[in-house]
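Colleague: I am a first-year student learning to read a model closely, and I would like to look at one part with you. Could you take me through it slowly, and then on to whatever helps to place it?

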Amino acid sequence: MTPPPPPTTALPRPSLLLAVSSAALKISAAAATSPARGVRWKGVGVDGRRGRSRAVGRCWAAAVEEEAGAQEDGVLLPQEGSEAAGRYDWREEWYPLYLSKEVPDDAALPLTVFDRQLVLYRDADGVLRCHEDRCPHRLAKLSEGQLVDGKLECLYHGWQFDGEGKCVKIPQLPEGAKIPRNACARNYEVRDSQGVVWVWMSPATPPDAKKLPWFEPYARPGFTDLSTVHELPYDHSILLENLMDPAHVPISHDRTDWTAKREDAQPLAFEVAERTARGFAGHWWRERAPHLRNLLRFEAPCVLTNTLEFVDKDGREQCFSAQFLCRPAGQGKSMLLVRFGSTARSPLLRVLPKWYFHQNACKVFEQDMGFLSSQNEVLLREKVPTKELYLNLRSSDTWVAEYRRWMDRAGHGMPYYFGHSTISPPPVPAVVEQAPAGAAAGISASFPAKGGFGTQHAPNPTSRYFRHVVHCKGCRDTVNRYTALKKAFVVLAAVAAAAAVLAATRQWKAILLGAAAVLAAASYACGSVVSLITTNFIRTHRRL
C-alpha cells in the first residue's frame with residue numbers, strides 16, 4: 001500500500017528520543033543541538049463532571065501544582081479560551097493493533113480495543129482483514145478458528161467468512177439452500193502504515209485518512225528502528241502517564257537501562273507549545289543539560305512521540321526517536337507497540353542480537369509494573385479525579401497533568417476515563433485474567449514468574465513469555481532454537497560421559513570428559529539465553 005503523504009501540520013524535522021531510556025541522552029550529550037520546532041494539529045474537546053475535594057492537609061508548596069488561575073506562568077494549567085470545543089468520539093479514531101511483521105500468516109489473532117473484541121488475519125492474498133471476534137451463529141470467538149483457503153472458519157460449526165465478513169459456507173445447510181443474508185461478521189477497516197496495522201473503530205463513519213498517524217522520521221532514508229510489542233496488565237492511561245514521565249527513569253531504572261543512574265535525578269523544565277482538544281505538544285529538558293531540548297507530542301487517541309534532534313561532532317544532523325503506541329486493550333489492560341529509532345546506527349545493534357534489546361525492554365516495563373498496577377487499583381477504588389490524588393510538581397509532572405486535562409476535554413466521548421478534574425469510571429471493576437486490575441502485576445513484582453520454555457500451561461498476564469514472547473516472532477524462534485540446542489547438547493554430553501567411562505586409555509577418558517564438560521557448558525549457555533528472554537526481571541534489593 002502506498003503510504004499517505006505527511007500531513008501539512010507535521011513536524012518540520014521532528015526529532016525523537018525515547019523518554020524511557022537515558023542512554024540516548026548520554027549518546028547525544030557530546031553534540032551541539034539544533035532546537036526542535038513546534039507542531040500543530042486540529043481537534044475537539046469536552047467537559048465532564050466534578051469530583052469531590054481532597055481531604056484535609058493538602059500541601060501548598062510552591063513547587064506543587066496550584067489551583068486553576070492561581071499563577072499565570074503555571075504550565076500545568078490550560079489558559080482560558082485556549083481549548084477548542086466540540087464533539088469527541090473514541091470510535092472515530094485509528095488505533096494501533098499490531099506490528100505488521102508480527103501478524104501470523106497462518107492463524108487468526110485476537111485483539112481488543114477498549115471493550116471491542118476483534119480478530120485480525122491475512123487472507124489468501126496476504127491482505128490484512130479485521131472483523132468483530134464473534135460468530136453470528138452462536139457467538140463463538142472467530143479467533144479460535146482456523147484459516148481455510150484464505151477464509152476464516154469458526155471451529156464451532158465450520159461457518160466460513162471471506163475478507164469482507166460475509167459468510168460463504170455453512171456445512172449444515174441443505175443442498176441448494178441459501179446462506180442467510182445476515183450471516184456475516186462485522187467488518188472493520190484496517191491499514192498497514194509504516195509497519196503498523198491500524199484499525200478504524202467506527203462501523204458507521206467512513207475512515208478519515210487525515211487522522212491516520214504519519215511519522216516523518218520513519219520515512220527518512222537510512223532511518224532504522226527497533227520495534228517490540230508488549231501486553232501489560234494495567235490501563236492504557238496509566239501506561240501513557242508512565243511513558244511521558246522522564247523524571248522516573250533515573251530512579252526506577254537505576255543501572256538497568258544501560259546508563260540510567262540515580263544520581264542523575266534532577267529538576268526538569270517544560271515548555272508547552274500547543275494545547276488542543278486532540279492533544280498537546282511541547283519541549284522539555286534537564287536542568288543540567290538545557291541544550292538537549294526534547295520535543296514531546298501526544299495525539300489522540302493513544303499516540304505518544306518524543307524527539308531529539310541535534311548536530312553531531314562531525315557536523316551531521318541526527319535524530320533519535322521514541323514512538324509509543326498505547327492501545328486500550330480492555331479494562332486494566334493495554335497493548336504497547338514501542339519503536340526506538342535513529343538516523344545514526346549504534347555499534348551495539350551490529351554486535352548484539354535483537355532478542356537482547358527485546359529482553360532489555362521487557363525488563364524496563366517489569367520494573368514499573370508493580371507500582372503502576374497499584375496506581376491503577378487506587379484510581380478505581382477512590383473514584384475521584386487525579387487532581388484530588390496526585391501532587392504534581394511543575395519540575396517533573398507537567399506532561400502527566402496535561403494528559404489528565406486532555407482527558408477532561410475528551411473523556412465524555414470515551415467508554416470510561418479518569419481526568420484531572422472530572423471522571424467517568426468503568427461501569428464494572430477492571431478485570432485482568434479473572435483478577436482485580438493490578439493484583440497479578442503486583443504479585444509479579446514480588447514473585448516473578450520463571451517463564452522458561454515448556455513451563456507455561458495457561459496465559460499469565462504477569463509472565464514475560466505471554467506479555468512479549470508470544471507476540472514476537474524473533475523471540476519465539478530464538479527460544480525454540482536455543483531450547484532444541486540445549487536438549488541436543490545434553491544428549492551429546494551424556495554420550496561423551498558414557499564413552500569416557502568405557503574408554504580404554506586415560507588420554508581418551510580425559511578427552512571425552514573434557515568434551516562432556518564443554519557440551520554441558522554449551523547446554524547451560526543455551527538455557528541461560530532462554531531464561532534471559534522468558535524470565536521476569538527481579539530487583540536485587542528486598543525490604544526487611
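In which loop is K383 found?

Modeller: Please keep in mind throughout that this is a predicted model. K383 is found in the loop between α5 and α6, where α6 covers residues 398-410. What draws attention to K383 is its backbone, since its phi is near 55°, a positive value in a residue other than glycine. As for its surroundings, K383 has a relative accessibility of 47% and therefore counts as partly exposed, because that class runs between the 20% under which a residue is buried and the 50% over which a residue is exposed.

L139 makes a useful companion to K383, for L139 also has a positive phi, of about 70°, although it is not a glycine. L139 lies in the loop between β5 (128-132) and β6 (146-148). With a relative accessible area of 57%, L139 is exposed, because its value is over 50%.

Another backbone feature sits in the loop between β15 (289-299) and β16 (303-311), which is where P301 is found. The peptide bond that leads from A300 to P301 is cis, and its omega is near 5°.

Let us return now to α5, one of the two elements named around the loop of K383, and turn to the empty space inside the model. Rolling a probe the size of a water molecule over the atoms shows where empty space is left. A search of the whole structure finds five cavities of 30 Å³ or more, and the largest cavity holds about 80 Å³ of space. Its lining is made up of 13 residues, and those that lie nearest the centre are D235, N376, L380, Y416 and F418. The elements that give two or more residues to this lining are α2 (236-243) and α5 (354-382), and α5 gives the most, with three residues. Sorted by class, the lining of the largest cavity has seven nonpolar residues, four polar ones and two charged ones.

Finally, a strand residue shows how positions far apart in the sequence can meet in space: F340, in strand β18 (residues 334-342), is 115 residues from D225 in sequence, while their C-alpha atoms are 5.3 Å apart in space. F340 has a relative accessibility of 24%, so it counts as partly exposed, because this value is not under the 20% that would make it buried.

Conventions: Residues numbered from 1 in each chain as written. Predicted model: local features only at pLDDT ≥ 70, side-chain atom pairs only at ≥ 80, totals over all residues. Heavy atoms only, no water. 1 Å grid on protein atoms, 1.4 Å probe; cavity = no way out; pocket = protein on both sides within 12 Å on 5 of 7 lines; lining within 4 Å. Points joined across faces, edges and corners; volume = space filled by probe spheres on them. Helix = DSSP H or I, 4+ residues; strand = E, 2+ residues; numbered from the N terminus. Nonpolar A, V, L, I, M, F, W, Y, C, P; charged D, E, K, R; others polar. Buried < 20%, exposed > 50% of the residue type's maximum accessible area, 1.4 Å probe, protein only.
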